[in-house]
Every structure is written in C-alpha cells, then in structure tokens.
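Visitor: Could you take me on a close look at one part of this molecule, the packing in its interior? I would like to see how the pieces fit around it.

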Amino acid sequence: MTDALTIHEAAETTGWSPRMLRYIERNGLIEPQRSAAGYRLYGAAELQRLRTLKELLGDYDLGLGDIGFALRLRRDAGLRDAVESWFEARPERPADVPADDWLSFEQQKHSKLLETVRARQHTTTETA
C-alpha cells in the first residue's frame with residue numbers, strides 16, 4: 001500500500017491523536033493496513049471512516065465508548081439478548097419478599113453488589 005499515511009500523518013490530517021487512533025483500532029472501529037515492517041498505514045478508506053466517525057460522534061453527542069458498545073452489541077448475540085431482556089423486563093417484587101420489605105431487600109442487594117464490585121476492582125489493581 002504505497003498511497004497511505006503513517007499514524008502520525010493520519011493523526012495530523014484527521015485531528016485524532018496517534019494514541020486515540022490506536023484506541024480506535026483496539027476497539028475494532030477502524031482497521032488500518034500494515035506495512036511489511038508492521039507500521040499502521042491509513043489510506044483513503046480509513047481516513048473516510050475516521051472522518052465519518054468524528055461526524056457521527058458530533059452529530060449525536062456520542063463518545064467512542066458508545067460506538068464501541070454498539071459494535072459489541074452487533075457482534076455479541078448474548079450481550080444483545082441480555083440488554084434487550086433488560087429493556088423488556090418490568091420490575092416485580094420477589095414472591096418471598098413482603099411488600100413492606102421490598103425497598104430494604106433491594107437496598108441490601110445493591111450493597112452486596114457494590115461490595116463485590118469493589119472487591120473485584122481491588123483484586124484487579126493488586127494483580128496489575
């Protein structure tokens with residue numbers, strides 16, 4: 001591919017930083033070609049995708065994470081089904097929880113969930 005830009009040239013042309021271009025690639029939103037030596041090469045198609053990505057983000061007030069999640073939804077049927085089920089689900093008090101205790105029951109479940117998330121984050125930071 002001789003008619004292409006390096007990552008730094010593409011960054012200068014598009015307004016994205018080289019770091020953001022790597023992030024965009026890592027999240028599967030753009031897949032630049034590679035030179036024989038492994039350098040990223042951005043041709044007209046990649047530049048167009050980067051331009052239209054920037055337009056999409058601006059037009060709809062989105063972040064790259066939003067687009068990355070949309071891509072995951074397209075590719076992961078299990079995730080797509082889980083999200084769709086969540087949208088369709090209606091809140092319902094568990095049969096074994098009295099109406100007067102439902103709020104306390106939900107608060108306790110949230111507290112346990114937060115403890116689990118914190119413990120998981122703590123474990124992740126220790127191993128990193």
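Guide: Happy to. Let's start at leucine 21, which in this predicted model touches Ile7, Ala10, Ala11, Trp16, Tyr42 and Leu50, leaving aside residues up to four places away in sequence. Leu21 is also among the residues that touch the most other members of the largest nonpolar core, a group of 15 residues. Trp16, Ile24, Leu29, Leu50, Leu53 and Leu64 share that distinction. Helices H1 (7–14), H2, H3 and H4 each give two or more residues to this core.

Now follow those contacts into H1. Ile7, Ala10 and Ala11, which Leu21 touches, are buried residues of H1, together with Thr14. These buried residues cover an arc of only 100° around the axis, which puts them on the same side of H1. A general point helps here: an α-helix has 3.6 residues a turn, so residues three or four places apart point the same way. The buried residues of H1 pack against H2, strand S2 (40–41) and H3. Turn to the face away from that buried side and you will find the exposed residues His8, Glu12 and Thr13. Just after H1 comes glycine 15, with a positive phi of about 90°.

Trp16 deserves a pause of its own. Besides touching Leu21, the tryptophan has a charged visitor: the charged end of lysine 54 sits over its ring, 4.6 Å from the ring centre.

Leu50, another contact of Leu21, takes us to H3. This helix has 17 residues and reaches 24 Å from its first C-alpha to its last, close to the 24 Å expected at 1.5 Å a residue. Its buried residues are Glu46, Leu50, Leu53 and Leu57. Seen down the axis of H3, they fall within an arc of 60°, so they line one face of the helix. Notice that a glutamate is in that buried set, alongside three leucines. Among what covers these buried residues are H1, H2, strand S1 (33–34), S2 and H4.

The face of H3 turned away from its buried side carries the exposed residues Ala44, Gly58, Asp59 and Tyr60. Asp59 counts as exposed because its relative accessibility is 62%, where the cut-off for exposed is over 50%. H3 is followed by aspartate 61, in the loop between H3 and H4. Asp61 has a positive phi of about 50° although it is not a glycine. At 70% relative accessibility, Asp61 counts as exposed too.

Past that loop we reach H4, where the core picks up Leu64, one of the residues touching the most other members. The twelve residues of H4 (residues 64–75) should span 16 Å at 1.5 Å a residue, and the end C-alpha atoms are 17 Å apart, which agrees. Buried in H4 are Leu64, Ile67, Gly68 and Leu71. Viewed down the axis of H4, these buried residues fall within an arc of 100°, so they line one face of the helix. What covers them includes helix H2 (18–26) and helix H3 (44–60).

So, back to where we began: the leucine at position 21 touches Ile7, Ala10 and Ala11 as well as Leu50, and the core as a whole draws two or more residues from each of H1, H2, H3 and H4.

Note on methods:
Residues are numbered from 1 along each chain as its sequence is written. This is a predicted model: local features need pLDDT of at least 70, side-chain atom pairs count only at pLDDT 80 or more; totals for chains, interfaces and linings use all residues. Side-chain values use heavy atoms; hydrogens and water are left out. Helices (H or I, at least four residues) and strands (E, at least two) are DSSP runs, numbered from the N terminus. The expected span of a helix is 1.5 Å times one less than its number of residues. Buried means under 20% relative accessible area, exposed over 50%, partly exposed in between (1.4 Å probe, protein chains only). The arc is that of the directions from the helix axis to the C-beta atoms. Contact means heavy atoms within 4.5 Å. A nonpolar core is a set of buried Ala, Val, Leu, Ile, Met, Phe, Trp, Tyr and Cys residues joined through side-chain atoms within 4.5 Å. A charge sits over a ring if NZ of Lys or CZ of Arg is within 6 Å of the ring centre and within 35 degrees of the ring normal.
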